[in-house]
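Reader: I would love a close look at a single residue in this model and at what surrounds it. Could you start from one position and then work outward to the spaces and the sheet elsewhere in the chain?

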Amino acid sequence: MYYYNQRDYGNVPYNRPNGDKKMVAESGCGVCAACIAVNNLIGRELFSVASMAKFSVDNGGRDNYGTDMTALLNAICKKYPDFSYKTSNSETDLVNHIKKGGMVIINQGDSYNLFSTAGHFVTAVQMFGNDIVDIYDPDLYDGKYSSYGRENKIELATVYGARVKTDEIGKASGDRNPAYFLISYAGKKETAPIADSAPSFKVQNVYTLTTNVRVRTGAGTNYAQKKKSELTADGQKNALNQTDAVLKSGTRFTVQEVKKVGSDIWVKIPSGWIAVYYQGDKYAD
């Protein structure tokens with residue numbers, strides 16, 4: 001599954017129509033939510049976050065508050081006619097659409113703090129049972145779903161967001177119209193989970209870092225960065241002299257597990273998880 005976190009895109013412009021210079025990291029949840037829905041439906045990375053942000057700006061999808069999802073989806077469906085969408089305020093429609101293989105962008109309002117303390121777009125990607133929705137949250141950070149009492153509003157915090165009952169989603173989107181953008185794809189789904197140009201990393205092989213990289217507790221930037229003291233003895237020898245764990249360029253490591261997150265590649269090493277291919281850049285040979 002493709003997942004994108006807006007916090008990873010502090011260098012990708014998403015400027016307001018009024019001329020204010022902004023980045024996706026500040027107000028790009030709609031851009032990332034659209035990437036999650038579109039790319040997973042088609043089965044490949046049709047849009048990168050950067051290209052989706054530019055497409056949104058060029059086609060009237062960017063407003064002074066964030067993303068005009070109606071304008072953005074209209075433009076996507078016009079350019080790629082196999083995509084279509086409809087809107088609804090019904091949780092029944094949301095559930096039925098996901099069960100049929102579609103994806104739903106949820107438009108959270110300001111009155112019920114489930115996914116954010118203010119307006120926010122998240123993407124519903126699959127169902128668990130009849131009333132639990134798997135949410136990919138494009139503004140995820142460590143501890144988000146144990147803050148602000150959210151732990152009492154969700155069923156489970158996940159790697160990419162949370163699993164949430166439909167009645168809670170209804171409360172969160174109750175002050176938005178439309179509450180839900182139900183997106184469909186009529187074409188043949190492709191199977192390439194990652195760009196053909198991406199490098200290959202294999203378990204048990206030894207590689208060498210070509211740049212400094214952070215060590216995290218899991219595969220993804222939403223996971224906490226480890227402390228240097230939490231690394232193996234060998235990891236500490238090859239880390240920068242600072243509190244947070246950063247392995248130095250030139251460090252050799254053995255791959256224990258490989259995981260793809262969107263178009264990025266993460267590997268597990270004895271000290272934790274590191275990115276070896278991130279946003280098109282290769283970090284190890």
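Author: Happy to. Let us start with Asn 107, which sits in strand E2; please keep in mind that the model is a predicted one. Is Asn 107 buried or exposed? Its relative accessible area is 11%, and because buried means under 20%, Asn 107 counts as buried. The side chain of Asn 107 has a polar contact, at 3.5 Å, with the side chain of Arg 176. Once neighbours within four places in sequence are set aside, the residues in contact with Asn 107 are His 120, Phe 121, Ser 173, Arg 176, Pro 178, Ala 179 and Phe 181. Arg 176 therefore appears both as a contact of Asn 107 and as its side-chain polar partner, while Asn 107 itself is buried.

Two of those contacts, His 120 and Phe 121, lead us on to the largest pocket. That pocket has 26 lining residues, and the ones nearest its centre are Cys 29, Tyr 65, Gly 119, His 120 and Phe 121. Strand E2 (103-108) is among the elements that give two or more residues to this lining, together with helix H1 (24-27), helix H2 (29-42) and strand E3 (120-128). The space in the largest pocket comes to about 480 Å³. By residue type, its lining holds eleven polar, eight nonpolar and seven charged residues.

Now to the enclosed space. Searching the whole structure turns up one cavity of 30 Å³ or more, and the volume of the largest cavity is about 80 Å³. Its lining is made by Tyr 3, Tyr 4, Asn 5, Asp 8, Tyr 9, Gly 220, Thr 221, Asn 222, Val 261, Asp 264, Trp 266 and Tyr 278. Six of these lining residues are nonpolar, four are polar and two are charged.

Trp 266, one of the residues lining the cavity, takes us to the sheet. Trp 266 has Ala 275, in E14, as its bridge partner. Strand E13 (residues 264-269) and strand E14 (residues 272-278) run antiparallel and are joined by five bridges. They belong to an open sheet of four strands, ordered E12-E13-E14-E15, with antiparallel pairing. At its edges stand strand E12 (257-261) and strand E15 (281-282); each has a single partner strand, so one side of each has no neighbour in the sheet. In general, the strands of a sheet pair through backbone hydrogen bonds, in either a parallel or an antiparallel way.

Terms used: Residues are numbered from 1 along each chain as its sequence is written. This is a predicted model: local features need pLDDT of at least 70, side-chain atom pairs count only at pLDDT 80 or more; totals for chains, interfaces and linings use all residues. Side-chain values use heavy atoms; hydrogens and water are left out. On a 1 Å grid over the protein atoms alone, a cavity is a set of points where a 1.4 Å probe fits but cannot get out, and a pocket is an open set with protein on both sides within 12 Å along at least five of seven lines; lining residues have an atom within 4 Å of a point. Grid points are joined across faces, edges and corners, and a volume is the space filled by probe spheres set on the points. Ala, Val, Leu, Ile, Met, Phe, Trp, Tyr, Cys and Pro count as nonpolar, Asp, Glu, Lys and Arg as charged, and the others, Gly among them, as polar. Buried means under 20% relative accessible area, exposed over 50%, partly exposed in between (1.4 Å probe, protein chains only). A polar contact is a pair of N or O atoms within 3.5 Å; within protein, one must be able to donate a hydrogen and the other to accept it, and residues adjacent in sequence count only if both atoms are side-chain atoms. Contact means heavy atoms within 4.5 Å. Two strands pair if DSSP finds at least two bridges between them.
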